[in-house]
Amino acid sequence: MHALRSAEDVRTSLIAELELHLETTTNKHGRPFQRRTINAYKYAATQLHHWLTAQEQTRTSRRLAGVEQGFLIDTATLNRFFRWYYQEHDVPKSQDGKGGYTGGVNTVQRNLRALFLYLAEEYEHPNPYDDPKLQRYATPPMGKPKTLSAEFITDCLKATGNGSPKVRDFETVRNHAIIRVLTEGLRSDELLNLRVQDLDLPGHTLVVVPLKMDRNSLDGRVIPLQPKTVKALTRYLRVRATQRMANPNSPDHLDWLWLATRNRGELGYQGLHRMVKRVATLAGYDPSAVSPHSFCHTWADDLKAAGVSGEHIMAVRGWKSPAMLRRYGADMASQRAVDAVHQLGDRY
C-alpha cells in the first residue's frame, strides 16, 4: 500500500475504515446497521472532509487545529463547519405556511457523531461531541403531514390500469399493485424489503419483517389486505413470473417481490419514488404533493375515520407509542371530529 501523504488521503482512508466498521458491527440495539444508515453516516463524514479540503486549498488550514492529521479537529473548527453547512444547505422552506427550515444541519450533526465515536475508540481522538461548547442545532418543527384525498388515490389507480385483467404489461401491473400495497399503510422500506414468500394471498395478508432485525425474527407484523389488493398482487405475480429474474433456474434469480423493469434487479427507493411521482402526473396531479410515505398517513386517517380502534391501528403498524397514532392522519383530525358529531344527529 502507498503511504498516505496528505490530510486528504488520511480522511479518505478514515471514511473507508468507518464504513467497514459499520458493516461489521451492530448498533446500540444489537442489530446490523442498514445500508441507508451507513450511507448517511458516510455522507456526513464526506461533507466534513470536502469542507476541510476547501479550507486547506484556500490556505486557511493553518488556523484549523490539527487539520494535517485528518479529522483531528477542535470544537471551534467543527462549529464553523456546522455554521457553513447551515448557511449552504438549510434553505428556507415552508410546508405549512409558517416558514421553517429543512433541518439538514441537524441531520448531519447527528450522523457525524458516528465518525467521532469511531475515532475516539480506535485512535483515542478527543471527541468534540463531549465538549459543551459544541453548538447544537435543534430539529425543525414538523408541519402536519398531508393526507391524500380519496379522489387522488382513485385517479392514481385508474392511471395504472385500475386492476383490469386486460392490462398485462409488466410495469403497469406492477405499479398498480405497488399503489395498492401502499394503501395498506406500509412504509417505503417495508414495501421494498418484501419477498415473494412474505405474501399469504389465500389468507388476505402479508408479513412485514422488522427492518433492523434478521429475517428469521418472530416479530413480523401481519398486514391485512383489501380484496382488491389481493387481486392486484395475484395479477402481478402472474406477470412477474415472465421476468428472467423471477425464474428459479436463472443465475440472476431474485426472491424480492418488486422487480425493476428491463431485468435490472430489484426495485429501489429512487425507483419507487420516481414511480409514485410519475403516476401522480399521469393522473393529472402535481407530483410534488405526494411521496410514498403520504399513503401511510392516508391509511391511518382511513382507519380512524372508519372507527377502527387506536389499539388495532397501533398493532398493525407496530407502533409502541400513542404519539405516533396522534401524528398520523393529524391534518384530518378536526374533520373526523366534525363527522363523528354529525353522525349523532339531534341530541335533544
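**Entry: α2 against α4**

I started where two helices meet in this predicted model. From α2, the residues Ala40, Tyr41, Tyr43, Ala44, Ala45 and Leu48 touch α4. On the α4 side I noted Val108, Asn111, Leu112, Ala114, Leu115 and Phe116. How do the two helices cross? Helix α2 covers residues 35-57, and its packing angle with α4 is about 90 degrees, with the axes 8 Å apart. Angles of 65 to 115 degrees count as roughly perpendicular, so I wrote down α2 and α4 as roughly perpendicular.

**Entry: α1 against α4**

Next I looked up α1, residues 7-23, which also packs on α4, residues 104-123. Here the angle is about 95 degrees and the axes are 10 Å apart. That makes α1 and α4 roughly perpendicular too. Leu14, Glu17, Leu18 and His21 are the α1 residues in this contact. From α4 I listed Ala114, Leu115, Tyr118, Leu119 and Tyr123.

**Entry: just past α4**

I then moved on to Glu124, in the loop between α4 and α5. Its phi is near 55 degrees, which is positive, and the residue is not a glycine. Buried or exposed, I wondered about glutamate 124? Its relative accessible area is 71%, and exposed means over 50%, so glutamate 124 is exposed.

I found a similar case in Arg262, in the loop between α8 and α9. Arginine 262 has a positive phi of about 55 degrees and is not a glycine either. With 65% relative accessibility, arginine 262 counts as exposed.

**Entry: the largest core**

Now for the inside. In soluble globular proteins, nonpolar side chains tend to be buried together. The largest nonpolar core here has 52 residues. Which members touch the most others? I got Leu191, Leu206, Leu233, Tyr236, Trp258 and Phe295. Several elements supply at least two residues each, including α5 (150-159), α7 (188-192), β2 (205-208), α8 (227-240) and α10 (294-305). Helix α6 gives the most, with 7 residues.

Apart from this core I came across another, of 29 residues. Trp51, Tyr85, Val105 and Tyr118 are among them.

**Entry: Trp258**

I picked out tryptophan 258 for its neighbours. Setting aside residues up to four places away in sequence, Trp258 touches Arg174, Ala177, Ile178, Val181, Leu191, Leu192, Leu194, Leu233, Tyr236, Glu266 and Leu267. Of these, Leu191, Leu233 and Tyr236 are also on the list of core members that touch the most others.

**Entry: α6 against α9**

Since α6 gives the most to the largest core, I checked how α6 packs on α9. The angle is about 95 degrees, with axes 11 Å apart. This pair is therefore roughly perpendicular. Glu171, Arg174, Asn175, Ile178, Ile179 and Leu182 of α6 meet Leu272, Met275, Val276 and Arg278 of α9. Arg174 and Ile178 had already turned up among the contacts of Trp258.

**Entry: two residues further along**

His293 sits in the loop between α9 and α10. How accessible is histidine 293? Its value is 27%, so it counts as partly exposed, between the cut-offs of 20% and 50%. Leaving out neighbours within four places in sequence, I found histidine 293 in contact with Arg187 and Tyr328. Its C-alpha is 9.5 Å from that of histidine 273, and the two are 20 residues apart in sequence.

Val316 belongs to helix α11. At 17% relative accessibility, valine 316 is buried, because buried means under 20%. Valine 316 and proline 224 are 92 residues apart along the chain, yet their C-alpha atoms are separated by 8.1 Å. Proline 224 is also among the residues that valine 316 touches, together with Arg221, Ile223 and Trp299.

**Entry: cysteines**

How many disulfides did I find? The count comes to 0. I looked up two cysteines anyway. Cysteine 156 is buried, at 2% relative accessible area, and cysteine 296 is buried as well, at 0%.

**Entry: whole chain**

To finish, I noted the totals. The chain has 13 helices and 3 strands. Of its 348 residues, 41% are buried. For contacts between residues at least 6 apart in sequence, 58% join residues at least 24 apart. The accessible surface is about 19900 Å², and carbon and sulfur atoms account for 52% of it.

Terms used:
Residues numbered from 1 in each chain as written. Predicted model: local features only at pLDDT ≥ 70, side-chain atom pairs only at ≥ 80, totals over all residues. Heavy atoms only, no water. Core = buried A, V, L, I, M, F, W, Y, C linked by side-chain atoms within 4.5 Å. Buried < 20%, exposed > 50% of the residue type's maximum accessible area, 1.4 Å probe, protein only. Helix = DSSP H or I, 4+ residues; strand = E, 2+ residues; numbered from the N terminus. Contact = heavy atoms within 4.5 Å. Areas by Shrake-Rupley, 256 points an atom, 1.4 Å probe, with all protein chains shown as cover. Disulfide = S-S within 2.5 Å. Axes fitted to C-alpha atoms, helices over the stretch in contact; angles between N-to-C directions. Parallel < 35°, antiparallel > 145°, perpendicular 65-115°, else oblique.
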